[in-house]
Amino acid sequence: MTTRKILSADTLKTLEEKMTALSYLHEAWAEALHDGIDGDCIAQAALFSALSEMTVVYGEEATAIFTEGLSRRVRVGEFTVPVDRQ
């Protein structure tokens, strides 16, 4: 028997907002690449922007605590996106 997790309306709204935000970022990223901006430059600018916003919203200490776990998450593949090869 499969157990399904029922999400609250607030959780669904948050997930939808996150997916919409990610869609906007993907579009901006693609446009920047199309305009000839190096992917590494875009990545560093995106990280700077994200961490700056988190610091404004949550403060320096909370942001520092959040980032402490990033290296482990990268190593276990949480941010690895499968690449479609044709």
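Start with the largest pocket in this predicted model: its volume is about 1,400 Å³. To find the middle, select Leu 22, Leu 25, Leu 47, Ala 50 and Phe 79, which lie nearest the pocket's centre among its 25 lining residues. Now color the lining by class, and you'll get 20 nonpolar residues, one polar and four charged.

Which helices supply at least two residues each to that lining? Select α1 (9–34), α2 (39–58) and α4 (70–75), and you have them. Of the contributors, α2 gives the most, with 10 residues.

Stay with α1 for a moment and check its length. At 1.5 Å a residue, its 26 residues should span 38 Å, and the C-alpha atoms at its ends are 37 Å apart, so the two figures agree. Just after this helix, click on Gly 36: its phi is positive, near 95 degrees.

Next, show α2 together with α3, residues 60–68. Two packed helices are described by the angle between their axes and the distance between the axes. Here the angle is about 130 degrees and the axes are 7 Å apart. An angle over 115 but not over 145 degrees counts as oblique, so that is how α2 and α3 sit relative to each other.

To see where they touch, select Leu 51, Met 54, Thr 55 and Tyr 58 on the α2 side. Then add their partners in α3: Glu 60, Ala 62, Thr 63, Phe 66 and Thr 67. Color this contact by class too, and it shows five nonpolar, three polar and one charged residues.

Notes:
Residues are numbered from 1 along each chain as its sequence is written. This is a predicted model: local features need pLDDT of at least 70, side-chain atom pairs count only at pLDDT 80 or more; totals for chains, interfaces and linings use all residues. Side-chain values use heavy atoms; hydrogens and water are left out. On a 1 Å grid over the protein atoms alone, a cavity is a set of points where a 1.4 Å probe fits but cannot get out, and a pocket is an open set with protein on both sides within 12 Å along at least five of seven lines; lining residues have an atom within 4 Å of a point. Grid points are joined across faces, edges and corners, and a volume is the space filled by probe spheres set on the points. Helices (H or I, at least four residues) and strands (E, at least two) are DSSP runs, numbered from the N terminus. Ala, Val, Leu, Ile, Met, Phe, Trp, Tyr, Cys and Pro count as nonpolar, Asp, Glu, Lys and Arg as charged, and the others, Gly among them, as polar. Axes are lines fitted to C-alpha atoms, for helices over the stretch in contact, and angles run from 0 to 180 degrees between N-to-C directions. Angles under 35 degrees count as roughly parallel, over 145 as roughly antiparallel, 65 to 115 as roughly perpendicular and the rest as oblique. Contact means heavy atoms within 4.5 Å. The expected span of a helix is 1.5 Å times one less than its number of residues.
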